[in-house]
Amino acid sequence: MGPSLLLSLLLLPASLQAGSSKEYNPNTDFGINQPASLSAPEGGSTCISFSYFHCWELAKDPRLSIAVRRRDFHGEVIYNSTQRFIHKDYKNRISLDLREGQNSGTLCIWNLRKEDENRYFCRVQVETLRDGKQVWQSIPGTKLTITDAAQMTTITKGPTTTVTTTTRDMNMETMVKVALPIAVFKTAILGLVVYLWWKRSKG
Ligand SMILES: *[C@@H]1O[C@H](CO)[C@@H](O)[C@H](O)[C@H]1NC(C)=O
């Protein structure tokens, strides 16, 4: 306990100094985590889960704003939570579920199109207590791949259809096999009756 407390006391003034001179370490002082890549079928949906962290103390009203860019780091904005902006390409197909208390959220896109295949970058903006407005963004973003919808349909429908057809054919075959001896038996009985009737009428 002793050495760790001493270490904390030694580190504390250093971090305060770094804060006041605004020399932030982008690897540890703030960041955004989001999946490196995702893939979903055309016509399906996908959700990009993200979480963010920062070293600043928030203002009483932090006015959290989340934006999403596509293509590259400086690409066009497709979503802005405070502006309530949605790019026309994603009208009625995008929604953001924000869990501000957990510093995380989920951006979902549904009714996926082939053109949605792109890289998506989350961007966060907050009002801090002592350092004004701070904005930061994911550098690698999430690479979204849209797979072929037709392939999935073939895989799910194929075996089911085959099994149904085979089962029905087998049942019909069994029915024919059972029906045939009955017909032979009926014919034999009828023949016997006719023979006995003929023999009696003769004798
Ligand atoms: C959202 O839009 C507002 C108004 O244009 C802008 O000030 C803010 O920076 C945007 N949010 C992000 C996270 O870029």
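Is C108 buried or exposed? In this predicted model, C108 has a relative accessible area of 17% and is therefore buried, since the cut-off for that class is under 20%. C108 is also one half of a disulfide, and its partner is C47, with the two sulfur atoms lying 2.0 Å apart. C47, by contrast, counts as partly exposed, because its relative accessibility is 37%.

The link between C47 and C108 is right-handed, with an angle of 105° about the S-S bond. The two cysteines belong to distant parts of the chain, given that C47 sits in strand β3 and C108 in strand β8 (residues 104-109), 61 residues apart. By the distance rule applied to sulfur atoms, the count comes to one disulfide.

Both strands that carry these cysteines are found in an open sheet of four strands, whose order is β1-β3-β8-β7 and whose pairing is antiparallel. The edges of the sheet are formed by β1 (30-33) and β7 (94-99), each of which pairs on one side only. Neighbouring strands are turned against each other by 15° on average, direction ignored.

At the β1 edge, the partner is strand β3 (residues 46-54), and the two strands pair in the antiparallel sense over four bridges. Within this pairing, F30 stands opposite H54 in β3.

Two further cysteines can be placed by their accessibility. C55 has a relative accessibility of 41% and so counts as partly exposed, whereas C122, at 2%, counts as buried.

Conventions: Residues numbered from 1 in each chain as written. Predicted model: local features only at pLDDT ≥ 70, side-chain atom pairs only at ≥ 80, totals over all residues. Heavy atoms only, no water. Pairing = 2+ DSSP bridges. Axes fitted to C-alpha atoms, helices over the stretch in contact; angles between N-to-C directions. Disulfide = S-S within 2.5 Å. Buried < 20%, exposed > 50% of the residue type's maximum accessible area, 1.4 Å probe, protein only.
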